[in-house]
Amino acid sequence: MYVIENTDDKNTTTSDFVIYKKEGDRRWEKGAIFKTSRPGNILIDSKGVLHAFVFEPFNAVKNDSWGKLKHYYFPNSQKGDIVEFKEETVIDNNGAFETVNIRVGSAIGADDTMTIGFGLTTFNPLYKGHSMHLYTKKPDDLKWTHHIVGENLGHDWYYPLVWVGNGTFHLLPVQDDYNGPGTPGLPYPNIYQKIMYFEYKSGLWNKELITDLSSHPLAKSRPRLLEQEELYKDINGSIHILYKELLDEEKSWEVSTHKYLIKNASGEKTENLNICQKTTNWIRIFEINNKLYYLCVFFDSVAIAEARKNKLINLEIPKDAKGFYPYIATRRGGTRDQEEFIDILLLAADSQTFTKGENVNYYVRIPKKELGQL
């Protein structure tokens, strides 16, 4: 895993992107450290090589969101070495303008195709209007392939969830338009009101507006009405999209509905995912032995449900585990038979826990055989 470590909350100083590893019941061991100003991404290929994608600001004092995207990889990580690494620059920067977004999404396919997706605004002179981009490469390739997913999109589309498999690419970004102070009718700096889906298939890029709440009565007074939760492609080729609506008139932070969209050969259908109540903060999807499961994360609890069944099983977690953001480290596309566990990180992500000094992070392992209870 990696964590971001810093000594202050200033955006004019860099933080540390720190690699950690754990073997069995041993303690976590610290490895390589890279300078950054934002969270990044890590992937592991079929040979066990660890890949880290890190945003490195050109000059954090001047602008911590202008910088380059670095790729670090650890040739001997499958042997436990997370200290020795090699590096390359995926996207360079000279400090004059933005060339890569500070927030990127990444994924790796069964054939080891690595992907990096992000959006860029009209301030980037290299491209037209608001645009989405995807960079792809296999570990042994010499160069990255640049896909322009879409141009003149009308909005900024940031921090996409990314999926890759069988020659197809899928992105699920959320609208993130920046508006400066004093913009008429827009008192908040970022507006999250639309979700777009992009798909690359048979050599063509297609886009689909999944939902649009810009005409909702709350749209002019709130900075966020939508947030994407999950993008998953199952073993049968069906696309699963989860997103949440935040439409409670009094509690702007509370989820009003978890929306579940399934796209397959028969068409597409959107419904409410009611098994994880609106008090659920996040939902993740994972697949075991051709069965889909939901990981439902509440403020101070975690539960698992088998898809299409109405039974939630709570996990036993420490009492001080609160306000966390979940990461599932299972293999995308389903775990292999020889893999015995589902690995989950519960990272403290609630502002209240930080204020109170209760930002405790936990690593959870679930034996696959325990899922038989569901």
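**Exercise 1. Aromatic pairs**

A search of the whole structure finds 18 aromatic pairs. The model is a predicted one. Describe the geometry of the pair formed by Phe17 and Phe34, and place both residues in the chain.

Solution.
- Step 1. The ring centres of Phe17 and Phe34 are 6.3 Å apart, with 45° between the planes.
- Step 2. A pair is stacked under 30 degrees and edge-to-face over 60, and the rest are tilted. The pair of Phe17 and Phe34 is therefore tilted.
- Step 3. Phe17 belongs to strand β2 (residues 15–21) and Phe34 to strand β3; the two are 17 residues apart, and their pair links distant parts of the chain.
- Step 4. Phe17 has 0% relative accessibility and counts as buried. Phe34 is also buried, at 3%.
- Step 5. A tilted pair is also formed by Tyr200 and Trp205, with 5.0 Å from centre to centre and 50° between the planes. Tyr200 is buried, with a relative accessible area of 18%.
- Step 6. Phe17 and Phe34 belong to one aromatic cluster, which also includes Tyr2, Tyr72, Phe74 and Phe85.

**Exercise 2. Salt bridges between separate parts of the chain**

Find which parts of the chain are tied together by Arg38 and Asp64, and which by Lys263 and Glu208.

Solution.
- Step 1. The count of salt bridges comes to 18. In one of them the side chains of Arg38 and Asp64 meet, at 2.8 Å from N to O.
- Step 2. Arg38 sits in the loop between β3 (29–36) and β4 (41–44), whereas Asp64 sits in strand β6, so their pair ties together parts 26 residues apart in sequence.
- Step 3. Arg38 is partly exposed, with a relative accessible area of 22%, whereas Asp64 is buried at 11%.
- Step 4. Lys263 forms a salt bridge with Glu208, and their closest N and O atoms are 2.7 Å apart.
- Step 5. Lys263 is in strand β20 (residues 257–264) and Glu208 in strand β17, so this pair ties together parts that are 55 residues apart in sequence.
- Step 6. Lys263 counts as buried at 14% relative accessibility; Glu208 is partly exposed at 24%.
- Step 7. Glu208 and Lys263 are linked with Glu268 in a network of salt bridges.

**Exercise 3. A salt bridge checked against the cut-off**

Give the N to O distance for Lys269 and Glu271, and say whether each residue is buried, partly exposed or exposed.

Solution.
- Step 1. The distance from N to O is 3.9 Å. A salt bridge requires the nitrogen to be within 4 Å of the carboxyl oxygen, so the pair of Lys269 and Glu271 qualifies.
- Step 2. Lys269 has a relative accessible area of 57% and is exposed.
- Step 3. Glu271 has a relative accessible area of 22% and is partly exposed.

**Exercise 4. The second largest pocket**

Describe the space in the second largest pocket and the residues that line this pocket.

Solution.
- Step 1. The second largest pocket holds about 400 Å³ of space.
- Step 2. Its lining is made of 16 residues, and the closest to the centre are Ser65, Glu98, Thr121, Tyr158 and Tyr178.
- Step 3. Strand β6 (residues 63–74) supplies three residues, the largest share of this lining.
- Step 4. Sorted by class, the lining has seven polar, five nonpolar and four charged residues.

**Exercise 5. Positive phi angles**

Asp112 and Ser202 each have a positive phi although neither is a glycine. Where does each residue lie, and is it buried or exposed?

Solution.
- Step 1. Asp112 has a phi of about 75° and lies in the loop between β8 (105–108) and β9 (114–120). Asp112 is buried, with a relative accessible area of 11%.
- Step 2. Ser202 has a phi of about 55° and is in the loop between β16 (194–201) and β17. At 71% relative accessibility, Ser202 is exposed.

**Exercise 6. Two threonines**

Locate Thr211 and Thr330 in the chain and describe their surroundings.

Solution.
- Step 1. Thr211 is part of strand β17 (residues 204–212). Its relative accessible area is 10%, under the 20% limit, so Thr211 counts as buried.
- Step 2. With neighbours within four places in sequence left aside, Thr211 is in contact with Gln193, Lys194, Ile195, Leu226 and Tyr243.
- Step 3. Thr330 lies in the loop between β26 (324–328) and β27 (341–348), and is buried at 14%.
- Step 4. Thr330 and Phe286 are 44 residues apart along the chain, and 7.3 Å separates their C-alpha atoms.

Conventions. Residues numbered from 1 in each chain as written. Predicted model: local features only at pLDDT ≥ 70, side-chain atom pairs only at ≥ 80, totals over all residues. Heavy atoms only, no water. 1 Å grid on protein atoms, 1.4 Å probe; cavity = no way out; pocket = protein on both sides within 12 Å on 5 of 7 lines; lining within 4 Å. Points joined across faces, edges and corners; volume = space filled by probe spheres on them. Helix = DSSP H or I, 4+ residues; strand = E, 2+ residues; numbered from the N terminus. Nonpolar A, V, L, I, M, F, W, Y, C, P; charged D, E, K, R; others polar. Buried < 20%, exposed > 50% of the residue type's maximum accessible area, 1.4 Å probe, protein only. Contact = heavy atoms within 4.5 Å. Phe/Tyr/Trp six-rings, centres within 6.5 Å; stacked < 30°, edge-to-face > 60°.
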